[in-house]
Amino acid sequence: MSVRVRVPTPLRKFTNGADEVAAQGGNVKALVDDLEKTYPGIKDRICDETGKVRRFVNVYVNGDDIRFLQNLETALKEGDNISIVPAIAGGH
Amino acid sequence: MSIRLTTDQIERYSRQIMVPDLGGKAQIRLRQSRVLVIGAGGLGSPAAFYLAAAGIGTLGIVDPDKVELSNLQRQILHATADIGRQKVESAKAKLNNLNPDTEVKTYPVRFDADNAAAMAADYNFIVDGSDNFDTKFLVNDVAIQLGIAFSHAGIVRLQGQTMTVLPGKSACYRCLFDGPPPPEEILNCQQSGILGAVAGTLGTIQATEAVKYLAGFEEGLLTDRLLTYDAKSGAAKAADSISSVPA
């Protein structure tokens with residue numbers, strides 16, 4: 001199944017500048033692994049060395065924070081919209 | 001003490017007084033309000049401009065920096081003739097010129113752990129227009145400690161994000177992000193760039209949130225959700241839910 005992933009500015013260097021990509025996966029963990037296959041290096045920017053989502057990154061499935069769903073085990077279905085949202089500091 | 005609007009003030013604010021959700025009572029509430037704007041830069045400039053225009057009674061402007069040529073593409077409070085001037089002084093001059101009703105207090109210092117609580121305690125709302133994670137987390141922590149509502153925002157390149165926090169009632173910035181990224185992964189405007197109009201969009205949303213909160217809107221604030229704006233993908237906006245965990 002295919003889902004759409006919104007890619008934030010800091011991670012677009014891995015997606016050749018694309019702000020949205022298609023990826024596969026039955027849950028968020030599988031999705032991140034699929035992204036890593038296509039865009040090597042991106043997983044390290046989403047997950048830490050223990051495999052958990054990094055503390056300054058949030059992942060949303062259809063607008064809902066996966067921390068309040070089943071985290072990386074959150075199931076995905078065809079057509080879901082995934083957002084990866086890291087903290088952004090700029091202001092000046 | 002009751003406050004009445006003068007004839008000139010009624011004329012000045014007439015276009016927002018006639019908005020059904022606002023009206024004269026909201027205008028008086030804005031007149032009695034005090035907003036602290038942290039940073040007179042890309043976010044703080046449009047936010048402060050619109051807040052002064054809207055008739056906020058007192059604006060505090062915090063910024064330790066001087067105006068540089070590279071600021072002028074987005075920091076619309078400052079002009080070419082201001083290069084080298086303290087940003088807070090440049091800001092005060094523009095805001096006084098726009099609206100003499102608004103008292104502008106200036107703080108030409110960095111908002112830090114030593115001065116934050118004393119400075120913030122005098123205000124009803126904080127607009128965080130800072131440009132670094134240390135200050136953004138500090139604003140969150142001080143606002144929660146003092147029970148002051150605030151608007152958070154961050155911008156880089158063609159993208160921005162913003163949320164509003166009502167201490168004790170809605171999710172806070174630390175509910176959203178536990179901590180900052182490591183220094184090597186941080187993109188800031190100085191190193192990564194920012195389109196001025198994107199800063200303006202986010203700063204203007206922050207001013208709107210401040211006005212809504214101070215005017216007494218109880219619903220519709222950007223609480224418990226993060227609004228992200230990506231100009232590159234055709235001005236797509238999304239409000240992602242954060243949580244229902246009160247700060």
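In the predicted model, helices α4(B) and α5(B) are roughly parallel to each other, because their axes cross at roughly 30° and angles under 35 degrees are counted in that class. Helix α4 spans residues 44-54 of chain B and helix α5 spans residues 87-98 of chain B, and the two axes come within 9 Å. The crossing of α4(B) and α5(B) is right-handed. On the side of α4(B), the contact is formed by Ala48(B), Phe49(B), Ala52(B) and Ala53(B), which meet Ala91(B), Leu95(B) and Leu98(B) of α5(B). The residues of this contact comprise seven that are nonpolar, with no polar and no charged residue among them.

In chain A, attention turns to the backbone of two asparagine residues in loops. Most residues other than glycine have a negative phi. Asn16(A), by contrast, has a positive phi, near 55°, and is located in the loop that lies between β1 (2-6) and β2 (20-24) of chain A. Asn16(A) has 8 C-beta neighbours inside 10 Å and therefore counts as exposed, the cut-off for that class being 12 or fewer.

A positive phi is also found at Asn62(A), where the value is near 50°. Asn62(A) is placed in the loop between β3 (57-61) and β4 (64-65) of chain A. With 15 C-beta neighbours inside 10 Å, Asn62(A) counts as partly exposed, because a residue is classed as exposed at 12 or fewer such neighbours and as buried at 20 or more.

Notes:
Residues are numbered from 1 along each chain as its sequence is written. Chains are lettered from A and ligands numbered from 1 in the order in which they are written. This is a predicted model: local features need pLDDT of at least 70, side-chain atom pairs count only at pLDDT 80 or more; totals for chains, interfaces and linings use all residues. Axes are lines fitted to C-alpha atoms, for helices over the stretch in contact, and angles run from 0 to 180 degrees between N-to-C directions. Helices (H or I, at least four residues) and strands (E, at least two) are DSSP runs, numbered from the N terminus. Angles under 35 degrees count as roughly parallel, over 145 as roughly antiparallel, 65 to 115 as roughly perpendicular and the rest as oblique. A crossing is left-handed if the near helix is turned anticlockwise from the far one by less than a right angle, and right-handed if clockwise. Two residues are in contact if their C-beta atoms, placed from the backbone, lie within 7 Å. Ala, Val, Leu, Ile, Met, Phe, Trp, Tyr, Cys and Pro count as nonpolar, Asp, Glu, Lys and Arg as charged, and the others, Gly among them, as polar.
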